[in-house]
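Me: Please take one part of this model and look at it closely, in a connected account and not a list. I would like the strand pairing to be the centre of it, with burial stated against an explicit cut-off, and then whatever can be said about the surroundings.

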Amino acid sequence: MLANVDLKPYNTMGVSSVADFFTTVHDLDELKKALAFAKEKGLRPFVLGGGSNLLLVSERLSRVVMHMAIEGFEKVGESSEAIFIKVGAGESWHGTVQRTLKLGLPGLENLALIPGSVGAAVVQNIGAYGSEVAQFVKEVEVYDPASGERRTVKHAECDFRYRHSLFKTPKAADWVVLSVTLALPKRWEPNLSYKDLQQAFSEGGLSTAVGIFDAVVALRQKKLPDPREIGSAGSFFKNPIVTREAFQALLEQFPSIVHYRLAGGLEKLAAGWMIDYAGLKGFREGDAGVYDKQALVLVNYGYATGSELWQLAQDVRAKVKAVFGIELEPEPVIL
């Protein structure tokens with residue numbers, strides 16, 4: 001257990017925040033010891049994955065930070081429909097996508113190059129290019145500190161929704177993800193539902209899983225900053241979901257508003273388009289800015305503090321609400 005550790009190297013936004021205590025967790029035994037230490041000190045534990053969906057607002061973090069590093073990748077069975085791969089919560093998500101494709105197991109290719117760990121991917125229900133991780137989760141193994149027991153949470157219990165899962169609710173907020181069992185389809189079909197992917201294969205090229213992987217990687221590299229060069233937590237705001245009636249009212253006022261029709265009489269609005277329309281794309285206040293290639297992304301150009309980035313986020317939300325009457329919700333964990 002280390003004391004007074006700066007978390008700047010452990011978050012892709014590149015924000016400095018000193019944790020009271022920090023340890024790396026490689027297995028359940030180390031996790032239990034870290035949790036016991038936190039209880040002894042009277043501090044709340046915090047599980048840190050890849051740090052790619054996180055904004056550290058405070059310069060000092062009075063928590064016991066547990067950096068998840070549980071590894072593992074193995075086939076654990078199959079059904080008539082899918083092959084099951086169990087992956088440790090600390091494994092790289094993008095690395096997992098690569099490994100499955102190398103084994104000839106397609107399905108995850110639309111989720112390529114999303115930074116972070118496997119455990120965090122399930123908690124957040126990451127999604128991109130017409131796909132969500134929820135589509136591929138068979139079950140999640142967790143540790144419940146309250147009971148001291150391991151639990152297996154089946155897919156149906158995970159309450160997966162847009163950027164949401166059971167693990168973000170008060171009931172399961174203290175559970176720690178240990179591993180995820182993915183179900184990869186035996187009968188694969190390309191997912192080209194996303195407009196940019198349709199355009200990438202519009203000339204009739206063969207849409208193989210590897211081809212889609214390559215196209216997604218190219219699209220993400222074009223639109224999003226490399227966190228090794230510019231600090232970023234990826235998409236900073238969720239795309240708001242409104243009723244069709246509310247959407248029709250917006251459409252009358254903003255005929256070019258970008259939207260996606262959902263089931264149940266709902267519409268998903270493109271938050272990046274709204275931020276751009278509000279005139280904030282490329283806006284910068286010191287080292288805190290709105291990325292000039294994708295307005296949905298807030299960036300740290302060097303030495304922005306967490307509080308400066310959070311203030312920028314509030315300014316963006318206020319401007320979008322003033323223009324559209326819509327309240328944007330942050331996507332990262334705000335700590």
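Reply: A residue counts here as buried when its relative accessible area is under 20%, as exposed when that area is over 50%, and as partly exposed in between. The model is a predicted one, and the cut-off can be tried out on Asn 125, whose relative accessibility is 0% and which therefore counts as buried. Asn 125 belongs to the loop between α3 and β8 (127-128), and its phi is near 50 degrees, a positive value in a residue other than glycine.

With that settled, the part to look at closely is an open sheet of five strands, which follow one another in the order β6-β7-β12-β10-β11 with antiparallel pairing. At its edges are β6 (73-78) and β11 (149-154), each of which pairs on one side only. From one strand to the next, the twist averages 20 degrees. In general, strands of a sheet pair through backbone hydrogen bonds, and the pairing may be parallel or antiparallel.

In the strand order, β12 stands between β7 and β10, and both of these pairings can be described in more detail. Strand β7 (residues 82-88) pairs with β12 in the antiparallel sense over seven bridges, and Gly 88 has Ser 179 of β12 as its bridge partner. On the other side, strand β10 (residues 137-144) and strand β12 (residues 176-185) pair over six bridges, again in the antiparallel sense, with Val 176 of β12 as the bridge partner of Tyr 143. Strand β12 is also mostly covered, since nine of its ten residues are buried.

Thr 181, which lies in β12, gives a residue-level view of that covering. Its relative accessibility is 6%, under the 20% limit, so Thr 181 counts as buried. Residues up to four places away in sequence aside, Thr 181 touches Val 76, Phe 84, Ile 85, Lys 86, Phe 136, Val 137, Lys 138 and Glu 139. Of these contacts, Val 76 falls within the range of β6, Phe 84, Ile 85 and Lys 86 fall within the range of β7, and Val 137, Lys 138 and Glu 139 fall within the range of β10.

The sheet also has a helix against it: helix α1 (residues 28-41) lies across β10, β11 and β12, and its direction runs at about 45 degrees to that of β10.

A second open sheet offers a parallel case, this one with four strands in the order β13-β19-β18-β17 and antiparallel pairing. Its edge strands are β13 and β17 (284-285), each pairing on one side only. Helix α8 (residues 306-324) packs on this sheet, touching β18 and β19 (297-300), and makes an angle of about 35 degrees with β18. Between β17 and strand β18 (residues 288-290) the antiparallel pairing runs over two bridges, and Ala 288 of β18 is the bridge partner of Glu 285.

Strand β13 leads on to the second largest pocket, because three of its residues make it the element that gives the most to that pocket's lining. The pocket has a volume of about 600 Å³, and β5 (60-68), α5 (209-223) and β13 (231-235) each supply at least two residues of its lining. The lining comprises 25 residues, with Leu 113, Ile 114, Pro 115, Asp 226 and Pro 227 lying nearest the centre; by class, eight are nonpolar, 13 polar and four charged.

Leu 113, one of those nearest the centre, is placed in the loop between α2 (93-102) and α3 (118-124). Its phi is positive, about 65 degrees, although Leu 113 is not a glycine. With a relative accessible area of 26%, which falls between the two limits, Leu 113 is partly exposed.

One residue of β5 completes the picture, namely Leu 61, which is buried at a relative accessible area of 7%. Apart from neighbours within four places in sequence, Leu 61 is in contact with Leu 7, Ser 17, Val 18, Ala 19, Asp 20, Leu 56 and Leu 335. The contact with Leu 335 spans 274 residues along the chain, and the C-alpha atoms of Leu 61 and Leu 335 are separated by 8.3 Å.

Conventions
Residues are numbered from 1 along each chain as its sequence is written. This is a predicted model: local features need pLDDT of at least 70, side-chain atom pairs count only at pLDDT 80 or more; totals for chains, interfaces and linings use all residues. Side-chain values use heavy atoms; hydrogens and water are left out. Two strands pair if DSSP finds at least two bridges between them. Axes are lines fitted to C-alpha atoms, for helices over the stretch in contact, and angles run from 0 to 180 degrees between N-to-C directions. Contact means heavy atoms within 4.5 Å. Buried means under 20% relative accessible area, exposed over 50%, partly exposed in between (1.4 Å probe, protein chains only). On a 1 Å grid over the protein atoms alone, a cavity is a set of points where a 1.4 Å probe fits but cannot get out, and a pocket is an open set with protein on both sides within 12 Å along at least five of seven lines; lining residues have an atom within 4 Å of a point. Grid points are joined across faces, edges and corners, and a volume is the space filled by probe spheres set on the points. Ala, Val, Leu, Ile, Met, Phe, Trp, Tyr, Cys and Pro count as nonpolar, Asp, Glu, Lys and Arg as charged, and the others, Gly among them, as polar.
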